[in-house]
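Open the structure in your viewer and keep the selection tool at hand. The tour below goes from one selection to the next and says what is there.

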Amino acid sequence: ERVGYAVIGLGELTTEELLPAFRLSGRSRLAAIVSGDRDEALQKARQHGLSDADVYSYEQFEELRGREDVQAVFIVLPNSLHREYAERAARIGKHVLCEKPLSDTPENAEAMVRACREAGVRLMTAYRIQYTPHHQLARELIERGELGRVKLINSVNTQVEANDGQWRLKRELAGGGSLPDVGLYCLNTARFLTGEEPYEVFAYTHSTPGDPRFKEVEESVSFILRFPSGIIANCLTSYGAAQHRALTVYGEDANLSLDPAFTYTNLRVVQASPEAATEHLVREVDQFALELDHFSMCVQEDLTPYTPGEEGLQDQRILAALYQSAEQGRPVQLERLEGRDLFR
Ligand code: NAD
């Protein structure tokens, strides 16, 4: 029996990626849509094999309580709304898969983790990248020592955001600019690939003066993460630079590049030493279907997801430290943690 999901929010990610991904999944089923736009929701519901009775407004959310075929919700709303829906879902006993960033502040992220823990429902941060075979291979190659001791990481995630009144440029809804949205991939992929937690971070932010897009949130951020083994990660993110999503891990014997690294498709993994470069050919699988099925497996088999709420919370704390660093113009120390300490 597949795990049934109510998807909350019918924006671009839901309509373009998630609804189609349900068809490609093996353990997951679209069971309901929760949206503010009833007509559009009815249309999408019909397109994806649901009936009109499977469409709910935000106010009707609690009616899902009685739907035994809905075991989980997938929150795909602007960042600062994630907390409210995670708490409401926990109260009606539904497991929660939540889009990244987990929330807009560490406090709100913490409340989400707590609410789900207390209600006995699972919470997963939708870090699709960590479910892709390309990134899993990269982590494996690093772990096996194929690069020698890892020394440095260089990671870039930039795109141009249009000034069309969207929530991403509003502090209240987004919690920040490029950093929590796309810069987050540089951060959590560095943590994922090294298996380490940064103990010190540093950041510069910049917004073009007078650019109406960046009145509330930052345009660009350059940031550095220092890891206990000595690895330094150098990260760049922007809402003002043409799209580039790439990363390179530098070891003493070889380096490994993913370019692109954070896109939905066409990821490429190239390993290079001073003598030769080889591309690792990896079969592409729909990233959204992979993350959905991972969470469904956790629900079915009562397991902790690979990227639980605690992972999203940890990133939220690091993001806050990065903003603090930018504001104060100095490095900020973080609690020294082992990866496994996150799940205390
Ligand atoms: P979007 O703007 O396309 O859609 C947002 C949805 O939220 C719309 O249906 C909108 O109607 C609804 N909404 C409800 N209340 C709202 C309010 N007060 N203001 C604005 N919209 C409101 O956004 P999106 O790109 O689908 O992003 C949604 C979430 O998914 C965000 O958390 C984002 O970070 C995340 N996301 C993740 C990925 C990924 O690759 N994992 C990609 C894109 C977006």
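**Start in the sheet**

Select A6 and V73: V73, in β4, is the bridge partner of A6. Keep in mind throughout that this is a predicted model. Now widen the selection to the two strands, β1 and β4, which run parallel and are joined by 4 bridges.

Stay on β4, residues 72–75. Show its side chains: A72 and F74 point one way, V73 and I75 point the other way, and all are buried.

Next, add strand β5, residues 95–98. β4 and β5 pair in the parallel sense, over 4 bridges. To find a point on this pairing, pick I75, which stands opposite C98 in β5. Then add helix α3, residues 82–91, and you have a right-handed β-α-β unit made of β4, α3 and β5.

Go back to β1, residues 3–8, and select β2, residues 28–34. These two strands run parallel and are joined by 6 bridges. Here G4 stands opposite R29 in β2.

Now select the whole sheet. In what order do its 6 strands lie? The order is β3-β2-β1-β4-β5-β6, in an open sheet with parallel pairing. β3 (55–56) and β6 (123–125) stand at the edges with a single partner strand each, so one side of each has no neighbour in the sheet.

**Two domains**

Colour the protein chain by its domain assignment: domain 1 is 3–128 + 290–307, and domain 2 is 130–283 + 315–343. Their C-alpha centres lie 26 Å apart. The contact takes 19 residues from domain 1 and 16 residues from domain 2.

For the domain 1 side of this contact, select α4 (106–119) and α8 (287–301), each of which supplies at least two residues. α8 gives the most to that side, with 3 residues. By residue type, the side of domain 1 that touches domain 2 divides into 8 nonpolar, 6 polar and 5 charged residues.

**Around the ligand**

Last, select the ligand and the 20 residues around it. Which of these come nearest? They are G9, G11, E12, L13 and E99. Helix α1, residues 12–24, gives the most to the shell around the ligand, with 3 residues. With the domain colours still on, look at where the shell comes from: domain 1 and domain 2 each provide at least three residues. The shell divides into 9 nonpolar, 6 polar and 5 charged residues.

Methods
Residues are numbered from 1 along each chain as its sequence is written. This is a predicted model: local features need pLDDT of at least 70, side-chain atom pairs count only at pLDDT 80 or more; totals for chains, interfaces and linings use all residues. Two strands pair if DSSP finds at least two bridges between them. Domain bounds come from an automatic or database domain assignment. Two residues are in contact if their C-beta atoms, placed from the backbone, lie within 7 Å. Ala, Val, Leu, Ile, Met, Phe, Trp, Tyr, Cys and Pro count as nonpolar, Asp, Glu, Lys and Arg as charged, and the others, Gly among them, as polar. A residue is near a molecule or strand if its C-beta atom, placed from the backbone, lies within 6 Å of it. A residue is buried if 20 or more other C-beta atoms lie within 10 Å of its own, exposed if 12 or fewer, and partly exposed in between; C-beta atoms are placed from the backbone. A crossover is right-handed if, with the strands pointing away from the viewer, the path from the first strand over the helix to the second runs clockwise.
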